[in-house]
Amino acid sequence: MSVRRLAEDQFQPAAFAFNKENAIWAEKTIKKYPEGRQQSAIIPLMMRAQEQEGWVTKAAIETIADMLDMAYIRALEVATFYTQFQLKPVGTRAHVQVCGTTPCMLRGSEALMKVCKSKINSQAFERNADGTLSWEEVECQGACVNAPMVVIGKDTYEDLTPARLEEIIDAFAAGKGREVPTGPQIDRVFSAPEGGLTSLTTEAPKAKSASGKAASSAAAAKADAAPIPPSEAARAKSTDAETNAALKTPATAPVAAAKNVKAAEAQPLSGTATAEPVKAPASKADSAQKPSLTDKNRPAGIEKPATPDDLKLISGVGPKIESILHELGIFTFAQVAGWKKAEREWVDGYLNFKGRIERDDWIKQAKALAKGGEAEYIKVFGKKPR
Ligand code: FES
């Protein structure tokens, strides 16, 4: 953890003021808080000041403290506590915050910091030659399950390797940071297991009626002697729906569960109320149509050769993806290099890659590797394959 102090006087501007648009925004933001609690607006205001100036200056801290009727020391405490506030000028295109806490450290954050040292500056908080990049080590950023990771601006880049971080830094240096996909940098959806779900892959079991029997149809429910109180039915329905929705579709879960409760409450007290299981809405992954293995655009496979190429040399191919490619009969760089557009799209869809084959330019990489192995790759890309 670094010591967090204000920048030396030579960097500090004499004054700070929000520009017109931000001043209107700040006024509205302060009004969101109840009378006497305006100080709660300090973090959003400081963030906006940082977005405007590139970092949080002493003048900005004092101006914001005045706006919120706070002692300067209180505002200074906030600015120096949270690592999202930069207290001296940082890279204009990217300030890379590398998480160095235990899970990330065990998964390779030290190697990521080496990349920052070699590509940006040997010292944290110092900028590169043209002032566009800087870096620092920070504490846990709450994405430990996808360790190691870095934060750049408001985005996280997770499941990193040194090679992938180099590519990301290069993209930001070239002003193409917005093109880099955020979040996991491997075939993982959010923090789900790599390669897709490994559990909860089947439909939810049917809900049980109050009598303990599965109420799979109205007839079955009618056969139950005891009427099912609507509150029971509602509970049964909402429990299943909430469980399914929370596990599969967090964003829609509360709405789905609320609807279920309402629907169940509307049931008459006639004993015909059923505890029909409610299917959780299909998740994004479920609803994505995987291309068929018999599709005409599936690239032709071959028998496994005695010495298959190491497809993992292609940036974007890890052990899991390589094994899927093997299952498809893809074993050589030459095969990948020869894929036509429709075939690339088929593989991309099959791997649920969302365009990554094009973004990582597998074809160019595979062509170089097929032509002359690592030496040719270095000639073409100026660096070793991963
Ligand atoms: S330890 Fe790195 S994100 Fe938590």
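Two strands are taken as paired if DSSP finds at least two bridges between them, and the strands themselves (E, at least two residues), like the helices (H or I, at least four), are DSSP runs numbered from the N terminus. With that convention in place, let me say what we are looking at: this is a predicted model, in which local features need pLDDT of at least 70 and side-chain atom pairs count only at pLDDT 80 or more, while totals for chains, interfaces and linings use all residues. Residues are numbered from 1 along each chain as its sequence is written, and side-chain values use heavy atoms, with hydrogens and water left out.

I will start with the overall picture. The protein chain has 16 helices and five strands, and of its 386 residues 41% count as buried, where buried means under 20% relative accessible area, exposed means over 50%, and partly exposed is what lies in between, using a 1.4 Å probe and protein chains only. If contact is taken as heavy atoms within 4.5 Å, then among the contacts in the chain with a separation of 6 or more, 65% are accounted for by residues 24 or more positions apart.

Now to the sheet. The five strands form an open sheet in the order S2-S1-S3-S4-S5, and the pairing is mixed. S2 and strand S5 (183-184) are at the edges, each with a single partner strand, so one side of each is left without a neighbour in the sheet. On one edge, strand S1 (residues 94-99) and S2 pair in the parallel sense over six bridges, and within that pairing Gln97 stands opposite Glu136 in S2. Although S2 is an edge strand, five of its six residues are buried, so S2 is largely enclosed by the rest of the structure. On the other edge, strand S4 (residues 155-158) pairs with S5, again in the parallel sense, over two bridges, and Glu158 has Pro184 in S5 as its bridge partner. Helix H6 packs on the sheet, where H6 touches S1, S2 and strand S3 (150-152), and its direction makes about 155° with that of S1.

The loop between helix H6 (109-119) and strand S2 (133-138) holds Asn121, and this residue is worth a closer look. Is Asn121 buried or exposed? Asn121 is buried, at a relative accessible area of 18%, and a polar atom of its side chain lies 2.8 Å from the backbone oxygen of Arg127; a polar contact here is a pair of N or O atoms within 3.5 Å, of which, within protein, one must be able to donate a hydrogen and the other to accept it, and residues adjacent in sequence count only if both atoms are side-chain atoms. Leaving aside residues up to four places away in sequence, Asn121 touches Cys116, Glu126, Arg127 and Trp135. Phe125 lies in the loop between H6 and S2, is buried with a relative accessible area of 18%, and has a positive phi near 70° in a residue other than glycine.

Two further backbone details deserve mention. A cis peptide bond, with omega about 0°, joins Ala147 and Pro148, and Pro148 lies in the loop between S2 and S3. Asp69, in the loop between helix H3 (58-67) and helix H4 (72-81), has a positive phi near 55°, and at 68% relative accessibility Asp69 counts as exposed.

Turning to the helices, the axes of H1 (residues 20-31) and H2 (residues 42-53) come within 10 Å and cross at roughly 170°, the axes being lines fitted to C-alpha atoms, for helices over the stretch in contact, with angles running from 0 to 180 degrees between N-to-C directions. H1 and H2 are therefore roughly antiparallel to each other, since angles over 145 degrees count as roughly antiparallel, under 35 as roughly parallel, 65 to 115 as roughly perpendicular and the rest as oblique. In H1, Asn22, Trp25, Ala26, Thr29 and Ile30 meet Pro44, Leu45, Arg48 and Gln52 in H2.

Finally, towards the other end of the numbering, Leu313 sits in the loop between helix H11 (284-287) and H12 and is buried, with a relative accessible area of 15%. Leu313 and Ala366 are 53 residues apart in sequence, yet 8.8 Å apart in space, C-alpha to C-alpha. The buried residues of H14 pack against helix H12 (319-327), helix H15 (356-359) and helix H16 (362-381).
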